[in-house]
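Trainee: I have a structure open and would like to go through it with you. Could we begin with the cysteines?

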Amino acid sequence: MFPFSEADPVRHSSPLPKTSEVVIIGGGVIGVSTALFLANRDVQVTLLEKGRIAAEQSSRNWGWIRKQGRDADELPIVIEACRLWQQLADECGEDIGLRQTGVTYLARTAKDMAGFENFMKIAAAHDLDTHLVDGDRVQSMMPGMNRRFAGAMTTPSDMRAEPWLAVPALARLAARKGVRIIENCAVRALDIAGGAVAAVWTEQGKIETSSVLVAGGAWSSLFLRKHGVSIPQLSVRATVAATEPLPEFHAGAAIEDDIAFRRRQDGGYTLAPGGSNLLYVGPDAFRHATKYLPSLMAHPFGTRYLPKAPAGFPDSWLTPREWTAETISPFERKRVLNPAPGKSELDAIERGFNSLFPQLKPVRLKTTWAGMIDAMPDVVPVVDRVAAIGGLFVATGMSGHGFGIGPGIGRVVSDLIQGNEIGHNLQRFRLSRFTDGSPIRLGPAI
Ligand SMILES: Cc1cc2nc3c(=O)[nH]c(=O)nc-3n(C[C@H](O)[C@H](O)[C@H](O)COP(=O)(O)OP(=O)(O)OC[C@H]3O[C@@H](n4cnc5c(N)ncnc54)[C@H](O)[C@@H]3O)c2cc1C
């Protein structure tokens with residue numbers, strides 16, 4: 001049942017091995033993709049998931065796979081990811097809803113149109129099919145809209161997929177290739193000997209290993225902090241809804257100020273408010289506040305705040321920061337991070353959709369849900385080895401676009417772990433950028 005929860009049956013329950021060449025913490029798109037590429041090279045991999053595969057962000061996202069609007073340094077990896085999605089969809093042998101139906105950003109004003117110029121230059125440098133269209137063309141692309149737009153930026157080669165089908169399908173493919181996947185198995189701590197990883201302690205026991213990847217999504221910072229590694233990661237709540245089947249007014253994905261929509265494989269649309277996310281303020285929000293100032297100043301109304309997170313959330317005031325390998329950790333206390341959708345965001349979705357498509361009014365919502373998006377202060381991920389702990393790797397903080405880029409990051413990280421040539425410059429994604437005095441260089445907003 002979607003959204004996934006701990007009530008869903010455990011589908012992956014390999015026995016806990018005594019040893020494993022690589023251990024991956026986290027069964028989201030990043031952990032699963034990395035496991036898949038390592039298994040392709042006959043590396044022995046164990047993937048540990050505290051709850052269910054893809055039950056957190058990796059099934060709850062909008063399903064946009066986009067090159068459009070991405071950070072210039074991420075773009076080469078996203079371009080690779082788009083190729084990989086097509087290959088993997090074939091390899092899975094299941095319909096994951098992958099369709100090349102484009103992504104479009106609608107502009108209300110000439111000023112909005114001018115704001116696209118920066119990405120148009122990046123797109124040209126990478127030979128993308130991104131282009132600007134005028135208001136007439138927008139009307140023919142999305143007939144029936146009750147608003148006349150100044151124009152839009154669009155990338156027809158961008159894609160969509162159904163995340164709750166896609167990531168579990170990749171996990172099944174990985175399992176067929178020999179990855180040991182264990183759900184309901186939280187990693188509590190690392191065993192570090194002589195400055196390097198020697199083992200992981202899980203709630204089911206110990207696995208000896210020399211390579212560990214932390215791909216824990218919103219939980220990565222809590223886990224790493226226990227081992228003296230600080231990353232300025234915060235998470236925001238984003239609310240989403242799916243409609244009942246509707247006549248097709250656009251086959252792809254689009255966003256404007258009030259509403260974002262994407263055609264779904266089941267004939268409905270995935271909808272989200274165009275505007276703000278919600279940050280629950282906790283100890284990490286205070287700890288990392290200064291690093292988030294540039295983002296706050298660039299988007300002063302981009303985030304709303306509540307003074308405390310629900311119990312058991314990674315940055316809740318009462319979430320323990322200390323535990324041992326023998327005691328129950330915060331990870332197994334909250335198997336699946338399943339925030340309640342926001343009432344005001346759901347109202348905004350209905351209002352935004354009904355006013356843009358009055359002929360389809362009132363919109364009937366089939367399902368509503370929310371997810372916690374994990375982000376970094378500069379809105380680009382951390383993909384790196386941890387210098388202070390041998391054999392420890394991190395791929396997290398995907399900042400609202402990890403689904404699309406997921407297979408690309410998985411391929412890159414698999415090579416990073418094996419010490420191979422990466423094929424991309426990872427300098428922008430280094431862990432030390434938050435401590436080496438570099439200024440925060442903002443990527444595009446979440
Ligand atoms: C509402 C919403 C809309 C979005 N829309 C898009 C979009 O359209 N396109 C796009 O590209 N991206 C989108 N994103 C972002 C994208 O979903 C994420 O960036 C991506 O899924 C992150 O993948 P991940 O593997 O890093 O983390 P996750 O999917 O969160 O997976 C991390 C996993 O690690 C597990 N874990 C954590 N700690 C431990 C531990 N100690 N032991 C064992 N397991 C552990 C967790 O249970 C979790 O399952 C959206 C996100 C949300 C929430």
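**Cysteines, a helix and the overall fold**

Mentor: This is a predicted model. A search of the whole structure finds zero disulfides.

Trainee: Which cysteine sulfur is nearest to that of Cys82?

Mentor: The nearest is that of Cys92, 16 Å away, and Cys82 is in no disulfide.

Trainee: Is Cys82 buried or exposed?

Mentor: Cys82 is buried, because its relative accessible area is 7%, and buried means under 20%. Cys185 also counts as buried, since its relative accessibility is 1%.

Trainee: Changing topic, how many helices and strands are there in the protein?

Mentor: The protein has 13 helices and 21 strands.

Trainee: What span should helix α1 have?

Mentor: Helix α1 covers residues 29-40, and at 1.5 Å a residue its 12 residues should span 16 Å. Its end C-alpha atoms are 16 Å apart, so the two values agree.

Trainee: How many residues of α1 are buried?

Mentor: The helix is mostly covered, with 11 of its 12 residues buried. Among them are Val29, Ile30, Val32, Leu36, Phe37 and Leu38.

Trainee: What follows α1?

Mentor: Asp42 follows, and its phi is positive, near 65°.

Trainee: And the whole protein: what radius of gyration does it have?

Mentor: It has 21 Å, which agrees with the value near 22 Å for a compact globule of 446 residues. The C-alpha trace spans about 65 × 45 × 45 Å along its principal axes.

Trainee: What share of the residues counts as buried?

Mentor: Of the 446 residues, 60% count as buried. The accessible surface comes to about 17400 Å², with 53% of that belonging to carbon and sulfur atoms.

Key:
Residues numbered from 1 in each chain as written. Predicted model: local features only at pLDDT ≥ 70, side-chain atom pairs only at ≥ 80, totals over all residues. Heavy atoms only, no water. Disulfide = S-S within 2.5 Å. Buried < 20%, exposed > 50% of the residue type's maximum accessible area, 1.4 Å probe, protein only. Helix = DSSP H or I, 4+ residues; strand = E, 2+ residues; numbered from the N terminus. Expected span 1.5 Å × (residues − 1). Rg over C-alpha atoms; globule rule 2.2 N^0.38 Å. Areas by Shrake-Rupley, 256 points an atom, 1.4 Å probe, with all protein chains shown as cover.
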